[in-house]
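Welcome, and thanks for opening the viewer. Let's walk through this structure one selection at a time.

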Amino acid sequence: MDSSGQLLWAASDRMMRKVFLWASENSWTRRRLPRLGFVRRAVSRFMPGEDLEAALTATVELNRAGLGTVLTLLGENVTAAGDTVAVVDHYLAVIEAIHTRALDAEVSVKLTHLGLDLDAALAEANLVRIVTRAAERGQDVAVDMEGSAYTQRTLDLYRRVRTAHGNVGLCLQAYLRRTGADLESLAPLRPMIRLVKGAYAEPPAIAFVSKAEVDAEFRSLAQRLMRIATSPEGLPAGSIGRPRVVLGTHDRRLIGELTTWASAEGIPPAAYEFHLLYGIGRDEQRRLRAAGHRVRVLISYGAAWFPWYMRRLAERPANVWFVVRSLFAR
Ligand SMILES: Cc1cc2nc3c(=O)[nH]c(=O)nc-3n(C[C@H](O)[C@H](O)[C@H](O)COP(=O)(O)OP(=O)(O)OC[C@H]3O[C@@H](n4cnc5c(N)ncnc54)[C@H](O)[C@@H]3O)c2cc1C
């Protein structure tokens with residue numbers, strides 16, 4: 001393709017990304033599109049099923065291949081405090097199921113699913129219940145990072161919970177300009193950090209936009225995280241807990257660069273892990289495992305999959321061909 005063709009392609013990709021992210025938040029599309037059979041068929045590429053049992057069955061299969069999982073119930077922005085009771089109960093049941101079936105799995109939660117839009121104290125109490133049960137069962141819990149309207153509140157709440165509970169981790173987004181500073185301020189807590197590029201529509205004033213900039217930021221933040229995790233003498237006084245470095249990406253180039261860098265720095269594969277999404281980069285998941293890396297596959301499940309699915313399409317507009325193909329599938 002010549003350079004004008006490439007420019008056109010990049011522009012149409014950016015436009016599609018905007019459309020999908022708009023659709024993820026629009027109430028009409030959120031209500032109507034999930035009812036369409038071909039959309040439901042297309043989503044199955046990224047989701048083993050809507051119920052927990054499907055996620056647990058997929059976990060058994062992945063565990064057999066040496067891959068752990070992270071389980072997350074789809075849903076966000078709950079509007080009634082009572083609705084969070086069922087969400088917490090669900091996660092407590094997942095933690096029990098992981099324990100009784102001896103699965104290699106853990107859970108990841110969204111604070112707006114636990115009531116952050118309504119009351120930060122409610123979301124915090126809900127998170128503490130989940131984290132406490134997980135600690136009793138020897139499991140960690142991760143907190144997802146949502147759109148930038150929630151970044152500060154998520155960090156504040158996380159910091160409070162992390163100070164009292166060693167088994168809770170947080171996702172940070174490399175595309176946010178603030179993340180380098182957030183990472184430094186969290187370092188004394190020695191937290192589990194899952195670094196991702198970021199999946200929401202954010203303005204250039206607060207976020208890097210071009211892939212090159214986001215990738216460069218991801219690379220440097222990942223290196224900083226690995227250094228923090230492996231050089232305890234460099235940590236500020238008062239550091240607590242054990243750090244976990246999770247690189248949440250499917251980007252083969254970045255994965256290759258970071259593993260090469262880590263090995264040149266003498267950082268062992270055991271010092272960091274890779275988490276990838278169910279249905280994306282399946283070969284890469286197995287290749288990383290075969291190369292001796294620790295790998296988890298994040299499985300999302302539940303009926304409220306539409307906004308999450310739109311974000312998956314926005315990440316790779318070419319995925320829309322799976323939707324088109326499922327139009328004709330029977
Ligand atoms: C374990 C995990 C947890 C996450 N948690 C959060 C979170 O809490 N908050 C948040 O904002 N974001 C989260 N994300 C999403 C993340 O921010 C990115 O949007 C997503 O991972 C795509 O970025 P990438 O690093 O794979 O790189 P990209 O540069 O987007 O993609 C690199 C390559 O990966 C493949 N790929 C990427 N996405 C797709 C896709 N949807 N379909 C098919 N192939 C694809 C393609 O081959 C692409 O060329 C999470 C991602 C992972 C893996």
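**First stop: T151.** Select T151 and show what surrounds it. Setting aside its neighbours within four places in sequence, T151 is in contact with M145, L176, R178 and D182. Now widen the selection to residues 151–164: this is helix α7, and T151 lies in it. Is T151 buried or exposed? Its relative accessibility is 3%, so T151 counts as buried, the cut-off for that being under 20%.

Before moving on, please keep in mind that this is a predicted model.

**Second stop: L73.** Next, select residues 68–73 to bring up strand β1, where you will find L73. Which residues does L73 touch, apart from those within four places in sequence? Show H90, Y91, H113, Y301 and G302, and you have its contacts. Then add S300 and draw a distance between the two C-alpha atoms: L73 and S300 are 227 residues apart along the chain, yet these atoms are separated by 5.9 Å. L73 has a relative accessibility of 18%, and because the limit for buried is under 20%, L73 counts as buried.

**Third stop: a pocket.** Switch to a surface view and look for the second largest pocket, with a volume of about 210 Å³. To get there, select E25, E76, N77, Y200 and R311, which are the closest to its centre among the 14 residues of the lining. Now colour two helices, α1 (3–25) and α12 (306–315): these are the elements that give two or more residues to the lining of this pocket. Which of the elements has the largest share of that lining? The answer is α1, with three residues. If you colour the lining by class, you will see six nonpolar, three polar and five charged residues.

**Last stop: the whole protein.** Zoom out and switch to a cartoon view. How many helices and strands does the protein have? Its secondary structure comes to 13 helices and eight strands. The protein has 330 residues, and 51% of them count as buried. Turn the surface back on: the protein exposes about 15,100 Å², with carbon and sulfur atoms supplying 57% of that area.

Finally, think about contacts across the chain. Among contacts with a separation of 6 or more, 75% are between residues 24 or more positions apart. The pair L73 and S300, with their places 227 residues apart along the chain and 5.9 Å between their C-alpha atoms, is a good one to select again as you finish.

Note on methods. Residues are numbered from 1 along each chain as its sequence is written. This is a predicted model: local features need pLDDT of at least 70, side-chain atom pairs count only at pLDDT 80 or more; totals for chains, interfaces and linings use all residues. Side-chain values use heavy atoms; hydrogens and water are left out. Helices (H or I, at least four residues) and strands (E, at least two) are DSSP runs, numbered from the N terminus. Buried means under 20% relative accessible area, exposed over 50%, partly exposed in between (1.4 Å probe, protein chains only). Contact means heavy atoms within 4.5 Å. Accessible areas come from the Shrake-Rupley method with a 1.4 Å probe; for residues, only the protein chains shown count as cover. On a 1 Å grid over the protein atoms alone, a cavity is a set of points where a 1.4 Å probe fits but cannot get out, and a pocket is an open set with protein on both sides within 12 Å along at least five of seven lines; lining residues have an atom within 4 Å of a point. Grid points are joined across faces, edges and corners, and a volume is the space filled by probe spheres set on the points. Ala, Val, Leu, Ile, Met, Phe, Trp, Tyr, Cys and Pro count as nonpolar, Asp, Glu, Lys and Arg as charged, and the others, Gly among them, as polar.
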